[in-house]
Amino acid sequence: MKLENLTFKGGVNVPHYKELTENLPIEKAKEPAIVKIPLHQHTGAPCEAMVKVGDSVKVGQKIGESEAFVSAPVHSSVSGTVKEIMDMPIPTGLTVKCVVIESDGKNELHELVRPKGKLEDLSSEEIIEIIREAGITGMGGASFPTHVKLSPPSDKKIDTVLINGAECEPYLTADHRVMAEEAEKVIFGLKAIMKALGVDRGVIGVEKNKPDAIKALKEASQGEENISIATLKVKYPQGDEKRLINAILGRVVPSGGLPMDVGAVVSNASTTRAIAEAILEGKPLIERVTTVTGNGIKNPKNLLVKIGTPFKDLIEECGGFTEDSPGKIIAGGPMMGISQFSIDVPIIKGSGGILVLSKEEAKPEPIQPCIRCGKCLEVCPVKLQPLYISSYTLKKNFDKAEEYNALDCVECGACSYICPAKRPLVESIRLAKREILAKRKAK
Amino acid sequence: MDSKAMDTSKAKEVALENMLLVTSSPHIRSNESVQRIMLDVIIALAPAIIGSVYFFGLNALKLILISVASSMVFEAIIQKIFNRPITLDDFSAIITGILIAFNLPADAPWWLPVAGSAFAIIVVKQFFGGLGANFMNPALAARAFLLSSWPSHMASFTGTRPDVVATATPLAIMKYGMGPDTAASATVAAATSASEAAGAELPTLWNMFIGSIPGAIGETSTLLLLIGAAYLLIRKVIDWKIPVFYLGTTFIMLVLLGVEAEFLSYHMLGGGLILGAFFMATDYVTTPVTPVGRIIFGIGAGILTALIRVKGGYPEGVSYSILLMNVATPLIEKFTRPRVFGEVKN
């Protein structure tokens with residue numbers, strides 16, 4: 001199997017702007033005075049609070065849980081006292097119930113946080129249970145509970161585990177630094193996933209603009225016959241899991257299908273590291289590496305941050321804004337990230353970055369008529385015709401938008417990025433998807 | 001003191017919340033712009049503009065300037081009347097102006113480009129909604145309009161500088177000067193060409209390549225047009241598919257229709273084929289956006305061009321071929337929808 005310089009069809013070359021932080025080692029962020037831990041930061045059912053106001057909690061203590069299978073528990077990232085449990089806005093744009101905990105600064109560990117034993121001694125079921133208990137969800141963006149991914153129906157034969165180290169979002173370097181600095185943990189996590197699924201092939205896909213990460217992973221995987229490192233061309237959206245599967249395995253996930261339909265399970269690099277820590281240290285998902293970056297921030301950094309830390313604390317730690325007021329604050333990267341109304345929102349499991357754009361960078365450009373240049377078709381990784389879906393949507397003709405396969409859109413934003421007329425292509429397709437799904441639900 | 005400090009920080013926060021821009025992603029955009037694309041086309045046309053002045057004299061320059069100016073004026077006037085934003089800064093009217101002039105004979109009267117621009121901009125472009133909404137290439141529609149309205153002006157080609165005498169184009173010579181059916185010309189234009197063509201001799205292939213031949217002012221120099229086309233291809237402004245399939249199909253069809261080998265190169269280099277293939281058939285607005293659609297467009301235009309040239313009443317068929325394919329574009333797109341990644345066959 002060829003594993004060098006792989007890629008997929010379509011896509012767009014976006015300047016990666018990673019130079020701000022790509023060579024900065026991960027720093028531990030300052031202890032937050034308070035954390036706001038959302039009870040619903042994953043795809044699936046929200047958690048119920050297991051603590052009440054006034055309770056004292058410890059680091060790693062489970063504070064929210066759900067009976068539902070597609071859900072993931074949440075844990076306290078500090079030791080201290082529960083101050084409030086109330087609805088608050090979170091970076092996804094939703095308002096959800098959050099547990100506000102005042103830290104006592106002692107960081108006392110909960111007694112359940114302890115090593116889970118050797119990987120060789122753990123069964124597949126035990127590994128999946130550890131991952132579920134640790135509240136691990138996909139840390140690349142969609143926050144899908146990892147234990148669900150690792151429990152495919154018996155008719156789906158999985159033969160390969162892919163680790164997504166593409167990190168194709170411009171500006172973000174969190175996965176990059178994790179792979180470069182903690183390659184051993186990533187390899188360990190991969191081995192755990194492979195064991196959980198009973199699979200004997202693991203491939204880590206990394207874009208070629210992270211040579212130090214590729215080197216570290218190759219060194220850490222020496223002697224591991226079943227694990228290989230694939231280098232990927234730098235192209236957006238290489239990190240989309242269906243693009244990753246296509247580039248590395250040459251397989252095509254059917255429209256509306258999942259990676260397991262073609263025998264693959266994909267896990268993000270940071271998630272894989274979290275799995276390793278859950279087994280090695282018994283540590284639930286209570287912290288992650290987040291890139292705080294952009295020209296609007298004074299000292300961009302890669303920070304190891306406790307889940308629940310308010311954006312404001314991290315912005316302050318990075319020297320604050322370069323201007324009196326920045327143009328835009330984005331949770332995530334510039335292509336798919338969500339712009340924020342407030343900097344009081346907390347870091348959640350899926351927060352790969354905080355991007356601050358200057359006023360000048362954030363200035364919207366005037367929209368011109370579509371000249372039908374066809375560039376949106378060229379870059380679309382799914383081979384849609386964004387210009388038509390968008391124009392039908394703007395005319396509120398959602399049936400036509402559906403006919404043009406709006407639901408297949410992965411919302412990568414390549415079409416809007418390339419559009420010379422600066423038209424709101426993915427923005428309107430997103431709207432169409434919502435309308436189409438709402439209509440289907442109503443039926 | 002403390003509470004006061006807190007108040008100000010709170011006030012600052014509220015202010016920040018009102019300042020932050022919140023939009024749907026993506027939050028960055030490429031440097032691509034409509035203006036830049038149009039400017040690239042103008043740059044690509046520049047060698048042929050300079051060449052036209054060299055080959056046909058200052059009258060060519062005069063016609064180009066009149067055509068560009070009138071296109072811009074008509075665009076501004078009609079947008080003003082329609083109460084729409086005036087969009088001269090997208091440069092699209094300039095391109096239409098240049099291309100209209102490129103289709104004229106060098107000794108055309110000054111009002112011919114004015115009439116052409118009026119038709120192109122007002123009727124074909126703005127009546128249908130302006131930039132991006134026209135269903136035909138405005139410059140080619142204008143050429144067709146002028147050809148049917150003032151055929152004698154449109155077909156009286158002059159030789160290149162300095163011998164400004166009415167002569168026949170190579171295509172006319174091939175059609176009427178050589179073939180046995182010289183008398184079969186149906187139109188005035190053809191009759192004019194035919195009478196001029198009788199007995200005329202074909203220029204050398206080298207002259208055809210550099211453009212020192214009779215013809216419309218912008219279409220004669222294959223060399224200069226190809227320089228511009230190369231620029232557009234390198235800048236990725238145009239897709240190679242339409243010109244390659246257009247030229248390839250034209251060639252194959254000419255062979256199939258029995259055109260003798262010695263005339264094939266004259267057909268490929270002569271008339272508006274190169275200008276049409278690289279600058280008209282690649283017009284975004286009036287050609288398919290789908291990859292397969294672009295191939296079909298090129299093949300269709302090629303078949304039509306060869307048919308009109310060899311079997312039709314006119315010596316030249318490029319403009320009508322492209323116009324016909326323009327009209328077929330929505331249909332072509334409908335049938336060439338790309339298969340979505342992972343699409344499941346029902």
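Me: What order and what pairing do the three strands of the open sheet with β3, β5 and β6 of chain A have?

Reply: The order is β3-β5-β6, and the pairing is antiparallel. This is a predicted model, in which local features need pLDDT of at least 70 and side-chain atom pairs count only at pLDDT 80 or more, while totals for chains, interfaces and linings use all residues. Residues are numbered from 1 along each chain as its sequence is written, and chains are lettered from A and ligands numbered from 1 in the order in which they are written.

Me: What makes β3 and β6 of chain A edge strands?

Reply: Each pairs on one side only. β3 covers 48-49 and β6 covers 74-75 of chain A. Such short runs still qualify, because a strand is a DSSP run of E with at least two residues (a helix is a run of H or I with at least four), numbered from the N terminus.

Me: Why do β5 and β6 of chain A count as paired?

Reply: Two bridges join β5 (residues 62-65) to β6 of chain A. Pairing requires that DSSP finds at least two bridges between the strands, so this pair qualifies. The two strands run antiparallel. A:Gly64 stands opposite A:Val74 of β6.

Me: How many bridges does β8 of chain A make with β2 and with β7?

Reply: With β2 (residues 34-38), β8 (residues 95-103) makes five bridges. With β7 (residues 80-89), β8 makes nine. Both pairings are antiparallel. A:Ile37 faces A:Val99 of β8, and A:Met88 faces A:Val96 of β8.

Me: What do β7 and β8 of chain A form, and which residue in the turn has a positive phi?

Reply: They form a hairpin with five residues between the strands. A:Gly93 in the turn has a phi of about 100°.

Me: Which strands make up the open sheet with parallel pairing in chain A?

Reply: Four strands do, in the order β11-β10-β9-β12. The edges are β11 (227-232) and β12 (264-268), each pairing on one side only. Neighbouring strands are turned by 25° against each other on average, direction ignored. Inside the sheet, β9 (residues 160-165) and β10 (residues 202-207) run parallel and share five bridges. A:Ile163 has A:Ile204 of β10 as its bridge partner.

Me: Which strands of this sheet does α4 of chain A touch?

Reply: Helix α4 packs on the sheet and touches β9, β10, β11 and β12 of chain A. The direction of α4 makes about 150° with that of β9. Helix α7 of chain A lies across β9 and β12, running at about 85° to β12.

Me: Why is α4 of chain A called roughly perpendicular to α7 of chain A?

Reply: The axes of α4 (residues 183-197) and α7 (residues 269-280) cross at roughly 80° and come within 7 Å. Angles of 65 to 115 degrees count as roughly perpendicular (under 35 roughly parallel, over 145 roughly antiparallel, the rest oblique), so the term fits this pair. The axes are lines fitted to C-alpha atoms, for helices over the stretch in contact, and angles run from 0 to 180 degrees between N-to-C directions.

Me: Which residues make the contact of α4 with α7 of chain A?

Reply: From α4, they include A:Phe188, A:Leu190 and A:Ile193. From α7, they include A:Arg273, A:Ile275 and A:Leu280. Contact here requires C-beta atoms, placed from the backbone, within 7 Å. By class, ten residues are nonpolar, two polar and three charged. Nonpolar covers Ala, Val, Leu, Ile, Met, Phe, Trp, Tyr, Cys and Pro; charged covers Asp, Glu, Lys and Arg; the others, Gly among them, are polar.

Me: What separates the centres of domain 1 and domain 2 of chain A?

Reply: The centres, taken over C-alpha atoms, lie 30 Å apart. Domain 1 is 18-23 + 114-280, and domain 2 is 375-442. These bounds come from an automatic or database domain assignment. Each domain gives five residues to the contact. On the domain 1 side, two are nonpolar, one polar and two charged.

Me: How many residues does each chain give to the contact of chain B with chain A?

Reply: Chain B gives 33 residues and chain A gives 50. On the side of chain B, the elements giving two or more residues are α1 (2-19) and α2 (34-56). The largest share, three residues, comes from α1 of chain B. The chain B side has 17 nonpolar, ten polar and six charged residues.

Me: Where in chain B does pLDDT stay under 50?

Reply: One stretch is residues 1-7, with zero contacts beyond four places in sequence. Another is residues 178-192, with 23 such contacts. pLDDT is the predictor's confidence in each residue, from 0 to 100. Chain B averages 86, and 84% of its residues score at least 70. The model scores ipTM 0.90 and pTM 0.90.

Methods. Two residues are in contact if their C-beta atoms, placed from the backbone, lie within 7 Å.
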